[in-house]
Every structure is written in C-alpha cells, then in structure tokens.
Amino acid sequence: MDEENDDVTTTHAAIGVNIAPPALEVAHEDAEVTTTQTAPAAAIEVRGLTAHYGTKLAVSDVSLDAGQRSITAIIGPSGSGKSTVLRAMNRMLEVIPGARLEGSVRFHGMDVYDPSIEPAAVRRTIGMVFQQPNPFPTMSIYDNVAAPARFNGMVRGRVETDQLVERSLRLAALWGEVKDVLGKSGASLSGGQQQRLCIARALAVNPEVILMDEPCSALDPIATLQIEELARQLSKEYTIVIVTHNMQQAARVSDETIFMSMSPERGGYVVETGPTTRIFTNPSNKLTEDYITGRFG
Amino acid sequence: MSDSQLLRGTALRRRSFDRFISVLCLVAGVIALLPLAAVIAFLLIEGLKAWSPAFLVERPGSVVGPGGGAVHAIIGTFLMTGLALVIATPAALAVAVYVVEYRESRLAVVVRSAVDLLAGVPSIVVGIIVYALVVLTMKHFSGFAGSLALAIIMLPIIARTSEEMLKIVPRRLREGTMALGMARWRALGFVFIPTVASGILTGILLAVSRAIGETAPLLFTSLGSNFVQTDFSQPMSALPVYIFQNAINIGFPAAKERAWAGALTLVTIVLVLNLLGRWLASRAAVRGAN
C-alpha cells in the first residue's frame, strides 16, 4: 500500500495531493487481513457481485479484475450488465433508484463499500465518464475543470488553479483547441470536445482510475478515435475500465477484455476474461467466439 | 350522378365545413381577447384623463379636489414588493430544493401539499393572519407587515415553479456532479440552480406580478398612508391601496380619475417588469443553453 501510495503521489506530484483519503487507508488495514489472494497488478477487484434493479436481476456472481495502469474493456450485448458492473466499482450504482447489490468491490484491497468510507471519496478516486458528454452548461470551459477540483479542496488561488486547468486539459488532449476560448461555455464545444472536457474535469480531481461508460457512443468516428488515442495515453498513468458496444474499439484500445452475456435465470454474467489479443484471436468459449465474429449480439 | 360530380360534392362539403370551423375558432379567439382589449382601452381612456408625468412624482393632494400624485403609493409598492421578494425567494427556493432533493422522505410530501394548500388560501385570509400575528403584536400597521403578507402570497408560486424546474435538471448532470464527488449543496448552487435559472426567474416574475396587484392583504397590514414613507415600521401606501381608497370616494370625480390613473400606472409597471423579466430569462436561457 505504502509503495502504491508513493507511486501515486509521484505521478500526481504536479498537483501535490495525496490520493488516498485517511478513511480509505484505515479500511485498508482491516482489509489486508481478510483478503486471501490479490493479483499483484489489479487495481480493482470485483468478487461475487450480484445486483438487482428492484426485483429484476441485473447481474449475478460477477468476478473480475481491472489491472493497474492498463485498459480493461468490458464488452457484451445490451442488457448483459456491463454498465451495472462499471457503476458498482465507484458506487454510482446505488444512486439509481431501486438498485441494490451484494458481493465486494476492492480498490487496492480496500472495500469500497466499507461503512467508514464516503461514497464521494470513492468517486473522486475512481472517476467516471458517461455515454452522453455532460459538461456543466452554465460554466465556462475553465470552470468546468476548475470548479469540481476547487470544491474538493484540491487547489487554492488563481495560479494553482490555472496550472491545474492547463495540466488537466493537456492530459485530456484538449488544451490546444480551447486555450484561447477558456471563458466560453462548455456547452459550446463539439460532442467530442465536450467528452474530452469531461475527461479533463474528471482528471482534475486527481483520480487513480477512470471508468468510461460507452464514452464514444454519442460521437462521430473521428472524435471516437481521438478518445481512444487519449485513453491509450492516459493508461500510462491511470487505470482505465471502458464499457463498449463496439468490439473493434475493445480490440483497438484494451489490454484485457472481459466478455459478458446474459441469460433469463442469471441476468448478466461474465463469460470469459483474458488478454485482449487472446480473446479476439483464440476465445476459449463458444459464446465469446460467436459474439466477436458477429454471429449474435 | 357521375363519379366526378360525386367527388366535387364531397370536396365542397368538406371545404365549407372547414371554413365554418375556422371561423368558429377565430370568433373564440376574439372573444378571449376582448376582455384584455377592453381593460387596456378603458385604462388608457379613463386613466390618461388624470395621468401626467407629475402623477408619478407628486405627493397626494386633497382627497376631494383635483390633482395630486401617487409618488407615495409607487414608492410603497416597490418597497413592499421588493422586501416581499427578498423574504419569499430564498424561503421558496429552500422549499423547492427540499421537496425535490428529499422526495423520498415523507415530510417532503407533506411540505409539498402544504405549499399547494398555501397557494389556495385567499389573499384576504393571508392579510387577516398577518394582522393577527404581526400587526396586533407590534400594535400598529406597518410596511413590514404588508411585505410579509405579500411574501406569503409569493412563496407558493415561486416554490412550485422552482420545484418543477429542479425536477427537469437532466439526470446526466446530476450523475456528473456525483461522479466528481461534489457535495449536494454545491451541485445545487453551482450546477442545478444556474442551469434552470431562467425558469426560476419566470416563477419569481409571476409571483411579483401577482403580489404587486394585491389589495386585500395590504388593507389589514400596511393600511395605507398619505405620506411618502420609507420606514418599514410605519404604515405604507401601495398602488392597489391607493386605487381602492380613491375609487371608493364615488362622490368625487377627481378621486375617481386618480383611481384610473393609479390603475394605469400599476398595469404599466407590471408590463415593464414582465418584459424585463423575459429579457433576463432569455439571457439566462442563452447562457444555460445546450
């Protein structure tokens, strides 16, 4: 943990904020005792996740890992529970009315559902980008990035904020396009730019993980490629989990692929996980093969 | 009868029926416009008799004689409506936020129904309640009591429109703030309320337009005054009260004319406020546009 923490602090030295809130560390010490086996490179481990929306079973017994500083893609047909699993990782599932879940989600061994942990702290550490770009419409481009970070006490003062905004926009590969129009409304940008603005906004609160829920489904092919390229760049410093409908996208960007499917009795479930190259060239499950060759889904 | 004749017959019947319905709609439209046109026409014809720029700036003269302005009533109207706005808006916004953000709580349902009930309370009853609670306690009529009565009338209007507006904040914006770990009050103050500001502004405007014309609740609270009064602890005049007091003096033609002039002034103020509000709302809407 200490080693990881150091890593993170170095990575984010420019911002100079330690990533793990105290509450998370306390929980971690408890967790170490109970965790039996931890894959060395996993940042997020989901174990035995079962989720319902009201009485409807969404996913059952999902277990998967998301490797540190790599891209994990979750693919599968509509209704296989990809977004449900993603949302469970940063506690954004419980904000959906009627949603409830069992099982565990661990972030570096810490139980993110531990009662001592603030959901807000989890969500800052494990950021999220949505299907529809959602910049705050009344805020300028600058404030879209600066406001959430300022609210969370990440930065103080003009100079520090300016630096954070520039750094975040550069990381999101948007700086060059917006540096002269920082005062314009975030809503004035194109869809792809808005999505990159949302990524910059998420980066500004200093996360370690970024969850992307079909981030390109509302974008044109060129904007899609830009986001994919950006995801590749970011995966050098951040852990990325991306849910996508688009198999080519998963094949292009991800290191690991998780294939999910569903059945009436089980809801969504994990069919197969593995390195992306293997999943796409030599799937071990017939369902996976059928899906990636376009025979269903 | 040949086929072509049959077709022509149908076409004619349909055309004339269409014309008939069109005329009917037009007549209905005119009927709806008539009262408004009549009000404006009467106001202009009768109001302009006594109205002059001096009416806006002069103090009132003798009740029975001609002349005399309504500056005291105009100032009173602005002061009392302004204070009512300052009291009602934060309270109404807080109610709307509570009802929308904590809608799963049972108390929120109670609060919401209470706001609806409050909206249905006749304004004269509001006046009597404020009279009993404030005027009797303070032992005299006051501009403050008048403002309070107007604020109570404004509150449910602002609360209901703000509630409807906050409900339409898109889910993706709500989730966006949550995913950034933003506190709810910050999300409300910096994202949700600014996003629907134009709608909330419209509600505030509606409430002002309603309150500015209220007479009954002021009669028991601010009473009216013949002096230019800026002290909220003293009785204050307002345009509706001024109109009422002049209009009941039916024996004096000059008083009747002053009532018309007051009415014209009041309607003009409401109109200007409406235009101003619309302009502000459209600016807010442009800022918040997607």
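This is a short chat about a predicted model with chains A and B.

Student: Starting with chain A, how many helices and strands are there?
Tutor: Chain A has twelve helices and ten strands.

Student: And what share of chain A counts as buried?
Tutor: The figure is 50% of its 297 residues.

Student: What about contacts in chain A between residues at least 6 apart in sequence, how many join residues at least 24 apart?
Tutor: For chain A, 71% of those contacts do.

Student: Let me pick one residue. Where does Val105(A) lie?
Tutor: Val105(A) is part of strand E4 of chain A, which covers residues 99-107.

Student: Is Val105(A) buried or not, and why?
Tutor: Val105(A) counts as buried because 22 C-beta neighbours lie inside 10 Å, and the cut-off for buried is 20 or more.

Student: Which residues does Val105(A) touch, not counting those up to four places away in sequence?
Tutor: Val105(A) touches Ile44(A), Val46(A), Leu49(A), Ala88(A), Met89(A), Val112(A) and Tyr113(A).

Student: And Leu64(A), what separates the C-alpha atoms there?
Tutor: The C-alpha atoms of Leu64(A) and Val105(A) are 9.6 Å apart, while the two residues are 41 residues apart along the chain.

Student: New topic, the largest nonpolar core. Which residues touch the most other members?
Tutor: Those are Ala200(A) and Met154(B), in a core of 153 residues. Helix H6 of chain B, residues 143-167, gives the most to this core, with 15 residues.

Student: Why would nonpolar residues be buried together?
Tutor: In soluble globular proteins, nonpolar side chains tend to be buried together.

Student: Back to Met154(B). What is it in contact with, leaving aside neighbours within four places in sequence?
Tutor: Met154(B) is in contact with Ala84(B), Leu85(B), Ala88(B), Ala207(B) and Ala211(B).

Student: Now the two chains. How many residues of each are in contact?
Tutor: On chain B 19 residues are in contact with 23 residues of chain A. Helices H7 (171-179), H8 (184-195) and H12 (253-288) of chain B each supply at least two residues of the side that touches chain A. H7(B) gives the most, with six residues.

Student: What classes are on that side of chain B?
Tutor: The side of chain B that touches chain A has ten nonpolar, five polar and four charged residues.

Student: Last one, what domains does chain B have?
Tutor: The domain assignment gives domain 1 (10-50) and domain 2 (57-288). Their centres, taken over C-alpha atoms, are separated by 33 Å.

Student: How many residues of these domains are in contact?
Tutor: Five residues of domain 1 of chain B are in contact with seven residues of domain 2 of chain B. On the domain 1 side, two are nonpolar, one is polar and two are charged.

Notes: Residues numbered from 1 in each chain as written. Chains lettered and ligands numbered in written order. Predicted model: local features only at pLDDT ≥ 70, side-chain atom pairs only at ≥ 80, totals over all residues. Core = buried A, V, L, I, M, F, W, Y, C linked by C-beta atoms within 7 Å. Buried ≥ 20, exposed ≤ 12 C-beta atoms within 10 Å, placed from the backbone. Helix = DSSP H or I, 4+ residues; strand = E, 2+ residues; numbered from the N terminus. Contact = placed C-beta atoms within 7 Å. Nonpolar A, V, L, I, M, F, W, Y, C, P; charged D, E, K, R; others polar. Domains from an automatic or database assignment.
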